[in-house]
Amino acid sequence: MRLSQWIYRCARYTGDAILRSGVVGRPQRRFYRCSVTLLSSDDDGSELAEGRGGAGPASRVTPPGKPFGPGGGKAAKRRPAKPEDQAKQAGSEPGPRPKSRLSLDLQRLSQDDLAEAEPEADGGQAGVRRRTEVLFGAAPCLLALAGGRRVMHRLFVKGNGAPQRPALQQASEEARRRMVPIQPASRKELDGLCSGRVHQGLCLEASPLEYLTDEAHAGAAGDHKEPPLWLVLEGVQDPMNLGAILRSAYFLGVDRIVSSIRNSCPLTPVVSKASSGVMEIVEVYGYENLADMLKSKVGQGWQVIGTVGAAEVGVDVPVHHCSDFVLTTPTLLLIGGEGPGLSPDLRRLCHALLTIPPCRELHPAVESLNVSVATGILVHSLLSSRAKGRR
């Protein structure tokens, strides 16, 4: 017993001596802090909240000086919070994570030419919504911005870091002058906005154009130094044809363009593109009943001139070659739609009919010209004859 006590005392003395000499440090309990990095629940999905920084509601930070586990032992494992759990803690139901704001806008705009946007702030009236459409192409966008007939919302410009073409720079300058927001977009996004059509790096979100119906500015026959020529379209349904007709009529100097509203193509972005933007600066009047308008003009001293194919022969109405007709009085030139041409009701109101004679023998399958081409020839012939009548 005494021997064992002696050995224990010697060992304790030796251990204390070693500790005093600093060879072995006294074991100490150390506490460690831990941080967890979680994905932030913000809508943009681009921010990461560091637990140590303490930013964002989704960050979980261990308070300083408080060890994990009971008594500072082994830290308990924590799983990253699921989006569903975070939504429940925030008091909202979990939902799908949205894509970027630009992608949502582009998807909304590419749904339809006349897509409905968010409700306008108009005195808090419920159900008041704005209608928008997307113009595409350099000339339509530039002339729409310069004309100011639409309500412009955004100009989408192709931006890839390369120097912009003059048309894009000019459109951007006009948009800044009119305080229209400019939004860079990729080629793929622009293709989606205009359904794959040729956009030339420009798209414009704006309010649609409608046919004018106000007769307050309708001029009388005596207001012109020369006999006026109005172009009256009935049932032109192809947007490419309508756009080409508008461009030719504007270039050649038609005094007014009139169209039937029923069974006719509306003034869409495709028409604006086909007209090279002329639709944005020329006034196009629409009538529900062309026959009533024609009768009213006849009462004011106007003459009504219709058009027929070269093979047709009028029974009661004389048919003239377009090159032989001289414009001396205010005239309404009627152009029928693709296929059927003028309706019988309008043809009965005509004082004369014009035709374009072919310069060769035609194949039986080719009996007429395209409506836009024929319109350009007839308008040029009549306006040229008006100049001859002055001499």
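The following legends describe close-up views of a predicted model of the protein.

**Figure 1. Overall composition of the predicted model.** The protein contains eleven helices and 16 strands. Of its 391 residues, 36% count as buried. Among contacts between residues at least 6 apart in sequence, 78% join residues at least 24 apart. The exposed surface of the protein amounts to about 24100 Å², and carbon and sulfur atoms supply 53% of that area.

**Figure 2. The largest nonpolar core.** This core comprises 32 residues, of which Leu-231, Leu-233, Leu-242, Ile-257 and Leu-333 touch the most other members. At least two residues of the core are supplied by each of strand S10 (229-234), helix H7 (239-252), strand S15 (331-336), strand S16 (352-355) and helix H11. The largest share, five residues, comes from H11. A second, separate core holds 19 residues, including Tyr-287, Val-304, Val-308 and Leu-334.

**Figure 3. The surroundings of Ile-257.** When residues up to four places away in sequence are not counted, Ile-257 touches Leu-231, Leu-233, Leu-246, Ala-249, Val-282, Glu-283, Val-284 and Tyr-285. Leu-231 and Leu-233, like Ile-257 itself, are among the residues that touch the most other members of the largest nonpolar core.

**Figure 4. A buried salt bridge between Glu-133 and Arg-150.** The side chains of Glu-133 and Arg-150 meet in a salt bridge, with an N to O distance of 2.6 Å. Glu-133 belongs to strand S6 (residues 129-136), whereas Arg-150 lies in the loop between helix H4 (138-147) and strand S7 (152-158), so the pair ties together parts that are 17 residues apart in sequence. Glu-133 counts as buried because its relative accessibility is 3%. Arg-150 is likewise buried, with a relative accessible area of 5%. Together with Glu-280, these two residues are linked in a network of salt bridges.

**Figure 5. A salt bridge within helix H5.** Arg-177 forms a salt bridge with Glu-174, and the closest N and O atoms are 2.4 Å apart. Both residues lie in helix H5 (residues 166-177), where they are three residues apart, about one turn of the helix. The two partners fall into separate accessibility classes: Arg-177 counts as exposed because its relative accessibility is 56%, whereas Glu-174 is buried, with a relative accessible area of 15%.

**Figure 6. An exposed salt bridge between two loops.** Arg-262 forms a salt bridge with Glu-288, the closest N and O atoms being 3.9 Å apart. This pair links distant parts of the chain, 26 residues apart. Arg-262 is placed in the loop between strand S11 (256-260) and helix H8 (269-274), and Glu-288 in the loop between strand S12 (284-287) and helix H9 (290-299). With 57% relative accessibility, Arg-262 counts as exposed; Glu-288 is exposed as well, with a relative accessible area of 54%. The count for the protein comes to ten salt bridges.

**Figure 7. A nonpolar surface patch that includes Val-373.** Leu-369, Val-373 and Ile-377 make a nonpolar surface patch of about 230 Å². Val-373 is situated in helix H11 (residues 371-390) and counts as partly exposed because its relative accessibility is 43%. Helix H11 also supplies five residues to the largest nonpolar core.

How values were computed. Residues numbered from 1 in each chain as written. Predicted model: local features only at pLDDT ≥ 70, side-chain atom pairs only at ≥ 80, totals over all residues. Heavy atoms only, no water. Patch = residues over 30% accessible without salt bridge, like charges linked within 9 Å, V, L, I, M, F, W, Y side chains within 5 Å. Areas by Shrake-Rupley, 256 points an atom, 1.4 Å probe, with all protein chains shown as cover. Salt bridge = Lys/Arg side-chain N within 4 Å of Asp/Glu carboxyl O. Helix = DSSP H or I, 4+ residues; strand = E, 2+ residues; numbered from the N terminus. Buried < 20%, exposed > 50% of the residue type's maximum accessible area, 1.4 Å probe, protein only. Core = buried A, V, L, I, M, F, W, Y, C linked by side-chain atoms within 4.5 Å. Contact = heavy atoms within 4.5 Å.
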